[in-house]
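Thank you all for coming. I would like to spend a few minutes on one pocket and then on the cysteines, so please have the sequence and the structure open as I talk.

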Amino acid sequence: MKIHNEQLFENFYKHEKLNVAILTDIYLPFVGGAGMVADKLAKGLYESNKVNVVVITGNVKGYEDKVNYPVIRCKSMAIPKAWGDSLPLPNLDPKLKKLLINLNIDVIHIHSIFGLCNYGLKFAKKHNIPVVMHCHSKFSEEFPTIIKFKPLCNAVIKRNYKVIDKGNLIIAVSNNTKENLLAHNIKSNIEVIPNATDLTECLEKEKAFEYIKEKHNIETTEKNILMCACRISIECKNLDFLLRSLKIVKEKNVNFKFLMLGSGSDDKKFKELVNDFNLTENVIMTGSITNREILKYYYLRSDLFLFPSTVDNCPLVKSEAASQKTPTIAIKHTGSSEGIIDEFNGYISDLNEEDYANKIINALSDYEKLKNTSINAQKTLATTWDIVAEKCIELYKDVIKNNKSA
């Protein structure tokens, strides 16, 4: 077991504030939705000074935590980087159980559905601690893109809905996610709290534009810069749809550059599609951008953020883009499109490549209107994590109260 900021446990022992344990299989240094949410929420909770918070996750060999709150890394097994760096094995770490008892945990907030989830639920039941389950996924839509053997996939999906219903409360990241849970007969109370962003507006526009110019040979005066940032998983993120849409844009004689941020198991396949669709002069693959200040430069330099995923629920990247006044084009009736009003603070397309391409073309054809849409995106979609933390604190108080009266 490895502990970061162990000196802050003194506050848990004093128990003058609520003690919150956040459990997540996916966490830093892996750049992924649930792990990023766990990190940013923990930071917001810690900086609120209203609760004590600790993140419990798996150990990643060679990685040193740099966050301002405490982190416990239990024994784990290395797994492919594309899937999160490590698989926590808490049952093989007897010191963890003893430490959790000593930390006087008041509420357990779980962000994953496998290893640490099972451990946390069992520990909570034994010690009568309320559990908040954070639902980041529509299992019935996401897992078929990951597990191709249908009987196994169906069994995993059924198991996941059963497990997430074992908490005292579920936080869903979108109304779309809540509707999916209800459709699968979830009985727990469900509250919707959308994700947020930690990115503040970059005020160094000239520096950002120069950086992108030097890095990717895009002139500072060049327009029609498009961008996407996600794990490169063709089916899960609908990236073949995106590339077919860009092919249509190019065929209609619209010049553009497309910055693809991220990496994943389908890097090679993505490059092949770029070549097949004759987009090699338009598409720039940057790999993962982990420096948050540099990430701002990419958002700021881009005119539109393209995110056609149909399985994402409340993508962090939509809020990140909005923080730099970059509006998103999302697909109608998806979690990604929630909060977007077409042509006011972003754009909504049908699940049709021609329509998606036309949304891009129309947005780029009127830069004055695009500017207004960009400003509205920042005003309405760039929620900050301190607001999310405050909402969670109130929910913690409620579940603790209800658990005591049950």
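Let me begin with α15, which provides 6 residues to the lining of the second largest pocket, the largest share of that lining. Please keep in mind that what we are looking at is a predicted model.

The elements that contribute two or more residues to the lining of this second largest pocket are α8, covering 205-216, α12, covering 292-301, and α15, covering 367-381. In total 23 residues line the pocket, and those lying nearest its centre are K205, F209, L300, D303 and K325. As for the character of the lining, it divides by class into 10 charged, 7 nonpolar and 6 polar residues, and the volume of the pocket comes out at about 590 Å³.

Now to the cysteines, which may matter to anyone thinking about the chemistry here. How many disulfides does the structure hold? The count is 0, and two of the cysteines can be taken in turn.

For C153, the closest cysteine sulfur is that of C236, and because the two sulfurs are 12 Å apart, they are too far from each other for a bond, given that a disulfide requires a pair of cysteine sulfur atoms within 2.5 Å. C392 is likewise in no disulfide, with the sulfur of C314, the nearest one from a cysteine, 13 Å away.

Are these two cysteines buried or exposed? C153 is buried, its relative accessible area being 3%, and C392 also counts as buried, at 0% relative accessibility.

Conventions. Residues are numbered from 1 along each chain as its sequence is written. This is a predicted model: local features need pLDDT of at least 70, side-chain atom pairs count only at pLDDT 80 or more; totals for chains, interfaces and linings use all residues. Side-chain values use heavy atoms; hydrogens and water are left out. Buried means under 20% relative accessible area, exposed over 50%, partly exposed in between (1.4 Å probe, protein chains only). On a 1 Å grid over the protein atoms alone, a cavity is a set of points where a 1.4 Å probe fits but cannot get out, and a pocket is an open set with protein on both sides within 12 Å along at least five of seven lines; lining residues have an atom within 4 Å of a point. Grid points are joined across faces, edges and corners, and a volume is the space filled by probe spheres set on the points. Helices (H or I, at least four residues) and strands (E, at least two) are DSSP runs, numbered from the N terminus. Ala, Val, Leu, Ile, Met, Phe, Trp, Tyr, Cys and Pro count as nonpolar, Asp, Glu, Lys and Arg as charged, and the others, Gly among them, as polar.
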